[in-house]
Amino acid sequence: MSTDSRHAAALASLLGDSARVLTHPQTVEQLSRDFYWYSPVLRKQLDGKVGDLVVQPLNAAEIVNILRYCHAHDLAVTARGAGTGNYGQAVPLHGGVVLDLARMDRIEEIQPDGVAVCEPGVRLGVLENEARKFGWELRCYPSTIVKASVGGFLGGGSGGIGSVAHGNLRDFQTVRALEVVTMEAEPRVVLHEGQAVHDILHAWGTNGIVTRIWLALAPAVEWSQCAIAFATFAAAFDFSERIAGDPAWTKRLVTLFEWPIPSFLTPVKQYVPEGKALIFFLIAEAQCADLEAAARKQGGEVTYSGRYLGVRTRPLLSDYTWNHTTLWAMRTDEAYTYLQCAFDPATVRDQMRRLKERFGKEFLFHMEFWKAADGRMIPGAIPVVYYTTEDRLNDMISFCREIGVFVANPHVNNVEGGGRYRADNVQLLAKQRYDPKGLLNPGKMITFKRQEITR
Ligand SMILES: Cc1cc2nc3c(=O)[nH]c(=O)nc-3n(C[C@H](O)[C@H](O)[C@H](O)COP(=O)(O)OP(=O)(O)OC[C@H]3O[C@@H](n4cnc5c(N)ncnc54)[C@H](O)[C@@H]3O)c2cc1C
């Protein structure tokens, strides 16, 4: 018996169910991958990285048993939600166990005060549908809503549709509380509430396995989708900025594309006039006609408008926004990749002008507005950039930073380099407390050193 088979047998016996310990090489490979291949840089680093086996727990008690075993045998454990992350966040660098949380998909309750209590494997789309039955909806969600899990969103996501009104996932106390299982000789289930949730959020599963979540919702709204084209990017930017920044408009999405990005969105090409900049909105149904009138007054052309009937709506405009835009660009030309930026609301036009002057068509503007924790409306962006060499990509990142554009670099495979690491080090401190051997998703929190353990 190989070491891997022995571990597989032992874990199956711990669970009392061998069907939830997967060892078939193709399955293990499939469940070891995410969307890291969006990045030509990460593709080179992460191709071929796989776990040794996959374990599918059903509850926190099973996770405690699994982690106790892995701790005793020095086995790495990489948590996995749906594997839609872009940074190789869920790709195991050192083999070991892939902990697939998809079966922990119970919604415990939607509380009357608008807080959902659920397990990590619940898909965001399922939670959205359930919440709406009680008059609530998600405050924000990634464009991968149908596939992505709540736990994966907490572990690796940032924000998305809804962030224009409610901020990103880590803001405005959207994550009220969570429970994590620690990686210790005797694993504990620890509750993190209030500010303490930030110890764990966006730590890529490096400092605890999230097993239960309290997620604040927003009152549900009846939405409409609307696509509006403008002859110039400048006119489209002015209009989208105005709607995003005016609280009188109830909106869930304000996405703006520079031409030729709209031409990449082939399934909705009938709503894409040649050569024009395009804006996609999710706007309160009651305000849709007013929005269209306001756009026409500014020279906009409404190319599509219709009720939003949930995540199965067709066309679903959000399928072309946030990081889905990059996917459509890559389908057009494999050399396209992306950056994740935040412009300065006060100087955004100047910043955009300087980027255009320097990089021209290599740097295409795809803007996503979101509300910052201090209430400012941020012209965020996931620009579609043309990849030639790593040096050129780094040049783009450096230039952005030089002119005051924040970049969360999606071409690195560690928490610290991704741009959302907390300067107060709470994620690292939690790793030192909860994973002293460094077995949780090892290699992804690079400032962690075993000898630094301070307990
Ligand atoms: C086409 C496309 C569009 C996207 N759009 C957006 C977007 O709009 N906004 C956005 O923020 N992101 C976006 N992403 C990235 C990704 O979809 C989101 O981050 C998503 O929330 C990840 O969920 P997941 O279940 O797939 O997580 P996974 O990829 O499985 O995991 C993400 C990270 O969380 C960790 N993790 C998973 N479960 C747990 C757990 N229970 N406890 C601890 N750690 C855990 C994993 O180890 C990994 O490090 C997009 C990706 C793609 C491919």
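This is a short walk through one predicted model, from the ligand shell to the core and a few unusual backbone spots.

Two housekeeping points, everyone. Residues are numbered from 1 along each chain as its sequence is written. Because the model is predicted, local features need pLDDT of at least 70 and side-chain atom pairs count only at pLDDT 80 or more, while totals for chains, interfaces and linings use all residues.

Let's start with the ligand. How many residues surround the ligand? There are 38 of them, and the closest are Gly 81, Gly 152, Gly 155, Gly 205 and Trp 322. A residue is counted as near the ligand if its C-beta atom, placed from the backbone, lies within 6 Å of it. Four elements each give two or more residues to this shell: strand 3 (77–80), helix 6 (150–156), strand 10 (209–219) and helix 11 (324–332). When I say helix or strand, I mean DSSP runs numbered from the N terminus, with H or I over at least four residues for helices and E over at least two for strands. Helix 6 gives the most, with five residues. By character, the shell divides into 14 nonpolar, 22 polar and two charged residues. Here Ala, Val, Leu, Ile, Met, Phe, Trp, Tyr, Cys and Pro count as nonpolar, Asp, Glu, Lys and Arg as charged, and the others, Gly among them, as polar.

Next, please find helix 5, residues 124–133. Its buried residues are Leu 124, Leu 127, Glu 128 and Ala 131. Buried means that 20 or more other C-beta atoms lie within 10 Å of the residue's own; exposed means 12 or fewer, partly exposed is in between, and the C-beta atoms are placed from the backbone. Looking down the axis of helix 5, the buried residues fall within an arc of 105 degrees, so they line one face of the helix. That arc is taken from the directions from the helix axis to the C-beta atoms. As a reminder, an α-helix has 3.6 residues a turn, so residues three or four places apart point the same way. What covers the buried residues of helix 5? The cover includes strand 5 (107–110), strand 6 (115–118), strand 7 (136–138), helix 6 and strand 10. So helix 6 turns up in this cover as well as in the ligand shell. Helix 5 is followed by Gly 135, with a positive phi near 85 degrees.

Now for the core. The largest nonpolar core has 136 residues, and those touching the most other members are Val 77, Val 97, Leu 99, Val 150, Ala 277, Ile 279 and Phe 281. Such a core is a set of buried Ala, Val, Leu, Ile, Met, Phe, Trp, Tyr and Cys residues joined through C-beta atoms within 7 Å. Which strand gives the largest share of this core? That is strand 13 (residues 277–284), with seven residues. Seven of the eight residues of strand 13 are buried, so this strand is largely enclosed by the rest of the structure.

Strand 13 also has pairing partners, where pairing means that DSSP finds at least two bridges between two strands. Strand 11 (residues 223–230) runs antiparallel to strand 13, joined by eight bridges. Strand 12 (residues 251–257) is antiparallel to strand 13 too, with six bridges. Within these pairs, Cys 226 has Phe 281 as its bridge partner, and Thr 255 stands opposite Phe 280. Beyond its neighbours within four places in sequence, Phe 281 is in contact (C-beta atoms, placed from the backbone, within 7 Å) with Cys 226, Lys 251, Leu 253, Val 254 and Leu 291.

Last stop: the unusual backbone spots. The peptide bond from Trp 259 to Pro 260 is cis, with omega near 15 degrees, and Pro 260 sits in the loop between strand 12 and helix 9 (261–264). Another cis bond joins Arg 314 and Pro 315, with omega about -10 degrees; Pro 315 is in the loop between strand 14 (301–307) and helix 11.

Two residues that are not glycines have a positive phi of about 55 degrees: Phe 172 and His 202. Is each of them buried or partly exposed? Phe 172, in the loop between helix 7 (163–166) and strand 8 (175–181), is partly exposed, with 16 other C-beta atoms within 10 Å. His 202, in the loop between strand 9 (189–193) and strand 10, counts as buried, with 21 C-beta neighbours inside 10 Å.

Thanks for listening!

Note on methods: Contact = placed C-beta atoms within 7 Å.
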